Amino acid sequence: MMTAGSGGLLKTRVVAGGFILLALLLVAASFGGWVIDSDALKTFGIPGFPIRPWAAVGFAFLALAAAAPILEKRRLATLLAIAPTVIATWTMLRYMGAIQIELYHPFFPHQLARTGLRYPGLPSIGAAFSLLLLSFAVLLIPHRSRRIDDVSILLAGTALLAAVAGIIIILLLPSQAGASAEFLSSLPDSLISIAIAFALIIPRSERAWSTILSGGGEEWRSFRRAIPAILILPILPSLVATGIVRHKLLSDLGADVAVVTGNILIVGGLLAWATSRMLQQQGELSYLARALDTSNVALVFPNGVIAHWSVGCERLYGYSREEAVGRRKYELLRTRCAGGKRPDLLLMGSEYEQELIETHRDGSEIHVIERQQPADMPDRESMIILKLLDITERVHAEAALRASEQRLALAMAAHEVGVFEWDVASGAFHWSPGAEQRLGFENGTMRDFESWRALMLPEDEQSVLDTMTEAVASRAEKFSFRYRLRPVDGLSRSIEGSSQCIYDDDGNLVRTVGVCLETTERDAREAALRAREAQLRSILETVPEAMVVIDEHGDIQNFSSTAERIWGYRADEVLGRNFVMLATEEEGQRYATALRSYVETGKTTAVGRTVPGTGLTADGRVFPAEIEVGIARSGGELRVTMFFTDISERLVTEERMSDLNNELAHLARQGAMSELAADLAHELNQPLTAVSNLVATARIMTERGGDPPAIIDLLRMGGEQTLRAGEIIRRMRAFMAKRDVDMQAESLAELVRDTVDLVMVGTRPFDTRLDFDFDPAAPRIFADRVQVQQVLVNLLRNAIEALRDLPRAKRRISIRSRRLDDAMVEIELSDNGPGIPAEILDNLYERFSTTKPESGMGIGLSISRRIVEAHGGTLVGENLPGHGASFRFTLPVAEDNPGEEGA
């Protein structure tokens with residue numbers, strides 16, 4: 001029996017490699033004849049027919065190309081086959097006269113000149129023909145298909161037969177051969193061609209070329225009928241050549257060439273045809289043998305020694321053919337019988353079957369059915385055919401089924417499931433062990449239909465009977481039921497289950513098989529859950545926020561009564577529709593995009609915080625809202641719960657409060673200026689008095705004809721005093737004006753200095769020292785100038801008031817700024833006064849809390865804090881260690897404007 005195992009493939013490659021090595025040795029020997037000028041090596045003993053140098057080179061490349069596929073280097077084979085193809089093609093074209101250029105051959109010019117051949121360096125036509133055929137056969141090897149493989153074998157076979165024919169002509173027809181030395185292959189050429197042809201054919205052993213002569217059947221009979229034609233047809237070219245010579249149509253040399261060429265083509269063609277037919281038949285037999293070899297079959301001798309081990313057995317047991325053949329099967333596989341008996345081989349002449357447990361190479365156990373049958377093989381030693389059926393999965397399945405049945409019984413007991421069978425004709429009930437006890441009754445209590453019916457609560461009895469009647473009437477395969485049994489120990493039992501119906505041929509119910517389960521506790525839990533759900537639903541319906549629940553597609557699943565009131569839709573109008581209908585188109589797209597992003601990535605920033613949004617009511621009104629989002633998954637489904645709060649009224653209220661705060665801030669500024677009014681009047685009186693005096697002096701000098709430059713200086717000084725008074729008035733009007741908020745970039749140093757000048761107009765007698773330290777990294781702020789000035793005025797006035805009781809030489813106020821990391825600037829105003837009283841410190845920012853009981857309103861710091869927070873900053877006041885107080889507040893830095901150097 002033929003096999004296609006890995007061992008056979010290795011052997012064919014080894015044999016093919018041997019032929020390639022032989023070809024290379026022949027090339028080396030014949031080419032060596034040229035190197036040492038030995039005619040015996042050049043011709044292998046046939047004078048006049050030396051191997052040509054370029055032929056030796058071509059055959060060397062060809063042998064290497066044939067070796068490359070054996071080493072799995074198919075691309076290299078193609079590259080190497082190019083050289084012999086070029087040499088053979090050049091030779092053919094040169095002999096045909098198609099090209100006139102000699103192929104350069106630097107080999108042995110003096111020896112070649114002695115041969116007397118027309119083209120001594122080039123191969124003969126026969127050698128070129130073999131080179132060409134074998135090169136094409138090698139070039140076809142990379143194309144992996146059966147048809148291309150057949151063509152490759154055919155080309156190699158033709159070259160093989162041509163080489164054999166050339167040897168026959170040289171050895172048996174020397175007279176014709178001698179005249180055809182230019183055309184016939186030499187003996188080295190032919191032998192090398194034969195070796196390379198075998199190297200190409202042998203690896204394709206599935207074509208069974210080696211069994212051609214031992215084949216049988218119709219193909220073999222066709223081949224035998226072709227043999228006479230093979231022997232007779234080569235005579236025809238000789239007869240044709242005789243007629244050609246007689247009529248002098250060709251020279252003797254031409255006639256010899258025609259005879260040789262004709263014989264080569266005829267013999268080669270016939271043998272190629274016969275070989276192709278036999279290869280096709282043997283290939284089919286080879287595929288059939290390989291298919292049969294995949295089954296689990298082994299041949300053993302009567303003593304149990306393995307004679308044949310199929311590919312199927314290799315896969316089944318894990319042992320290769322080389323490891324198994326020659327060893328005892330039962331010892332190799334550590335075989336034992338499933339029933340504990342000793343495994344035996346059959347008695348010759350009978351058949352035997354047994355279930356065995358055998359061991360895989362990896363140590364796992366395999367369960368097989370071994371069928372033994374004697375093999376009738378005349379003239380050979382008796383053998384036993386073992387057909388092995390793998391039943392491992394079936395055995396494991398049966399074991400798993402038994403284990404499953406045991407687990408089912410345990411699970412039924414653990415979950416208190418009862419199995420029953422009702423025989424309709426007799427009315428008998430059959431219960432699984434322990435089922436009646438799990439329902440709270442003694443064994444045999446529900447022995448038949450009537451006793452079972454008597455235990456059922458009357459209000460449930462009719463419902464169960466109606467269900468059974470409907471199932472029988474419709475020939476239903478099964479029906480389900482729920483009922484309650486009469487109280488046992490004061491407790492009624494809830495039962496649910498289902499039953500499979502079995503009918504006779506007439507459609508009558510004959511038997512039911514079903515299961516039942518006590519659900520008393522579960523029903524109690526479900527009732528409690530329903531009560532809790534009703535309570536939760538009532539709570540959700542009364543919460544002031546509108547609740548909207550959507551799924552992962554945005555479809556509305558729940559719409560609370562508050563949502564109905566806010567949007568003006570009824571719940572049944574929106575359920576199942578996409579939630580974007582509840583917002584404007586732009587806002588709805590933003591909501592939908594956020595939902596898709598969460599579904600795809602699982603990430604969101606909306607959960608755990610309140611986000612602003614809008615809603616669109618049924619009548620088209622857009623309202624502002626605050627939205628809180630909660631996300632949950634249940635049963636693999638996403639649920640997003642959104643609580644909407646309509647903040648329309650709140651915004652109106654906040655706007656009204658903002659207006660009131662602005663009014664209060666304005667009043668605070670007026671109060672601050674009222675307190676400074678007297679000092680400001682005194683301060684304004686100085687420049688106005690100076691202006692009056694300077695103008696009067698200038699008038700007198702003018703009337704008396706005084707010096708004009710002196711008069712001009714007096715007028716200039718008067719103008720400066722006028723501008724000073726005007727600047728004081730301008731600052732007061734800007735500070736006192738009631739105006740809208742105007743946020744813009746301001747120079748921090750300039751704003752602080754202007755505010756200080758405004759506040760210090762009437763406090764010069766205090767001789768208070770002011771220190772400034774501005775951070776150049778934050779020269780500008782983005783703020784409302786007047787509001788920031790109001791904060792600074794409040795803080796400065798408080799600091800000045802705190803310093804009144806200190807000696808004038810020790811009064812000091814410091815104003816500093818520094819850049820923070822979060823694009824904010826911190827302004828600190830500190831003094832060296834007595835600090836903030838402890839009883840005021842905790843309520844410092846509350847309205848009507850003041851350290852000036854006689855004149856203060858107690859709203860300055862409260863308004864200041866609101867102003868700072870409106871700018872996105874914070875205001876903090878504290879006592880300094882030892883003495884003094886410090887107030888720090890932050891404002892945003894204006895990054896896009898050029899800075900100004902602080903003082």
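Which residue in E23 is the bridge partner of Met 824? In this predicted model, the partner of Met 824 in E23 is Pro 892, and the sections below place that pair in the sheet around it.

## The five-stranded sheet

The pair belongs to an open sheet of five strands, which follow one another in the order E18-E20-E21-E23-E22 with mixed pairing. At the edges stand strand E18, covering residues 769–773, and strand E22, covering residues 875–879, each of which pairs on one side only. On average, and with direction ignored, neighbouring strands of this sheet are turned by 15° against each other.

## Strand E21 and its two neighbours

Strand E21, which spans residues 824–831, pairs in the antiparallel sense with strand E20, residues 812–819, and seven bridges join the two. Two pairs can be picked out along this ladder: Arg 816 stands opposite Glu 828 in E21, while Ser 817 has Ile 827 of E21 as its bridge partner. Between E20 and E21 the hairpin has four residues, and in this hairpin Ala 823 takes a positive phi near 60°.

E21 is also joined to E23, by eight bridges, and these two strands again run antiparallel. Is E21 largely enclosed or largely open to the outside? Of its eight residues seven are buried, and therefore E21 is largely enclosed by the rest of the structure. In a regular strand, side chains point alternately to one face of the sheet and to the other.

## Helices against the sheet

Helix H26, made of residues 748–759, lies across E18, E20 and E21, and runs at about 170° to E18. Helix H27, made of residues 785–802, packs on the sheet as well, where it touches E20, E21 and strand E23 (885–892). The direction of H27 makes about 175° with that of E23. Strands E20 and E21 are thus named among the contacts of H26 and also among those of H27.

## A nonpolar patch on the surface

Elsewhere in the sequence, Leu 76, Leu 79, Ile 82 and Val 86 make a nonpolar surface patch of about 360 Å². One of these residues, Val 86, is found in helix H4, which comprises residues 74–96. Val 86 has a relative accessible area of 49% and is therefore partly exposed, because the term exposed is kept for values over 50% and buried for those under 20%.

Notes
Residues are numbered from 1 along each chain as its sequence is written. This is a predicted model: local features need pLDDT of at least 70, side-chain atom pairs count only at pLDDT 80 or more; totals for chains, interfaces and linings use all residues. Side-chain values use heavy atoms; hydrogens and water are left out. Patches are made of residues with over 30% relative accessible area and no salt bridge: like charges are joined within 9 Å, nonpolar side chains (Val, Leu, Ile, Met, Phe, Trp, Tyr) within 5 Å. Accessible areas come from the Shrake-Rupley method with a 1.4 Å probe; for residues, only the protein chains shown count as cover. A salt bridge is a side-chain nitrogen of Lys or Arg within 4 Å of a carboxyl oxygen of Asp or Glu. Buried means under 20% relative accessible area, exposed over 50%, partly exposed in between (1.4 Å probe, protein chains only). Two strands pair if DSSP finds at least two bridges between them. Axes are lines fitted to C-alpha atoms, for helices over the stretch in contact, and angles run from 0 to 180 degrees between N-to-C directions. Contact means heavy atoms within 4.5 Å.
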